[in-house]
Amino acid sequence: MGALTHESLVEYLLEEAFEVAETIEAGVSGGTAGEQHFDAELLGELGDVLLQLVLHARLAEERGAFMFDDVARGLTAKMVRRNPHVFRPDGSLQDSFPATVDEIVQKWDAVKRAERPQRTDPFEGIPLALPALARAQKSIDRAARAGVELPAGVPIPGTEEELGELLLAVVRSAHASGFDAERALRGAVRDYQQHVPRQHQQS
């Protein structure tokens, strides 16, 4: 195995993150024994993700850039700064919190806008490497929170399981027609993002 680099570790960081998601989505079954098994699996998978973070921080430390402690301090400062509804400037808890999730989201977004007033594109910062469906969902969430035009919707089934079956059927039909569903959705998201920021900036 060659020398570790940030680039060579990326695939492992993504793999470990997906394994955490898979563990969580597999859920808890079988009563107490099932919960204990789930907790043990989640504990192990989170440890694997943490190891990747430690490795990246160690590589940065060797370059004289920053240390793991700097990562933790930066995260703490960011959480305090972006959650004034939860924390006082000194990091202590506020006496009361907003009553609704909408209020929390509004305060979070207001702080982010104040930090970067030059940002006018609601989609800036969404990773290009995200799978198309995740990128589409993130884009729609950002657009809804920014109050810009959303893409047209279609009627969907009543449950998440039925929605999954519908999405799978769309992919199956795309395959039968010779289309790449991932590439098609990626292109549609890209076209949507290119249209919305111009409209948003003119409003």
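A salt bridge is a side-chain nitrogen of Lys or Arg within 4 Å of a carboxyl oxygen of Asp or Glu. In this predicted model, a search of the whole structure finds nine such pairs. Arg-58, Glu-61 and Glu-62 are linked in a network of them. Arg-58 meets Glu-61 at 3.5 Å, N to O. Arg-58 also pairs with Glu-62, where the closest N and O atoms are 3.5 Å apart.

The network sits in helix H2 (residues 31–62), where Arg-58 and Glu-61 are three residues apart, about one turn of the helix. Glu-62 and Arg-58 are also separated by about one helical turn, because they are four residues apart in H2. Arg-58 is partly exposed, with a relative accessible area of 44%. Glu-61 counts as partly exposed at 31%. Glu-62 is exposed, at 55%.

A further salt bridge joins Arg-73 and Asp-70 (2.6 Å, N to O). Both residues lie in helix H3 (residues 68–82), three residues apart. Arg-73 is exposed, with a relative accessible area of 51%. Asp-70 is partly exposed, at 31%.

Helix H1 has 21 residues and reaches 30 Å from its first C-alpha to its last, close to the 30 Å expected at 1.5 Å a residue. Its buried residues are Leu-9, Glu-16, Val-20 and Thr-23. Thr-23 has a relative accessible area of 12%, so it is buried. A polar atom of the Thr-23 side chain lies 2.9 Å from the backbone oxygen of Glu-19. Beyond its neighbours within four places in sequence, Thr-23 is in contact with Phe-38, Glu-41, Leu-42 and Glu-45. Just after H1, Gly-27 takes a positive phi of about 75°.

Helix H5 (residues 132–146) has 15 residues, which should span 21 Å at 1.5 Å a residue; the end C-alpha atoms are 21 Å apart, in agreement. Buried positions in H5 are Ala-132, Arg-135, Ala-136, Ser-139, Arg-142 and Ala-143. Seen down the helix axis, these residues fall within an arc of 130°, so they line one face of H5. Gly-147 follows H5 and has a positive phi, near 75°.

Ala-143 also belongs to the largest nonpolar core. The other members of this six-residue core are Phe-123, Ile-126, Val-148, Tyr-192 and Val-196. In soluble globular proteins, nonpolar side chains tend to be buried together. Not counting residues up to four places away in sequence, Ala-143 touches Phe-123, Val-148, Glu-149, Leu-150 and Tyr-192.

Conventions:
Residues are numbered from 1 along each chain as its sequence is written. This is a predicted model: local features need pLDDT of at least 70, side-chain atom pairs count only at pLDDT 80 or more; totals for chains, interfaces and linings use all residues. Side-chain values use heavy atoms; hydrogens and water are left out. Buried means under 20% relative accessible area, exposed over 50%, partly exposed in between (1.4 Å probe, protein chains only). A polar contact is a pair of N or O atoms within 3.5 Å; within protein, one must be able to donate a hydrogen and the other to accept it, and residues adjacent in sequence count only if both atoms are side-chain atoms. Contact means heavy atoms within 4.5 Å. A nonpolar core is a set of buried Ala, Val, Leu, Ile, Met, Phe, Trp, Tyr and Cys residues joined through side-chain atoms within 4.5 Å. Helices (H or I, at least four residues) and strands (E, at least two) are DSSP runs, numbered from the N terminus. The expected span of a helix is 1.5 Å times one less than its number of residues. The arc is that of the directions from the helix axis to the C-beta atoms.
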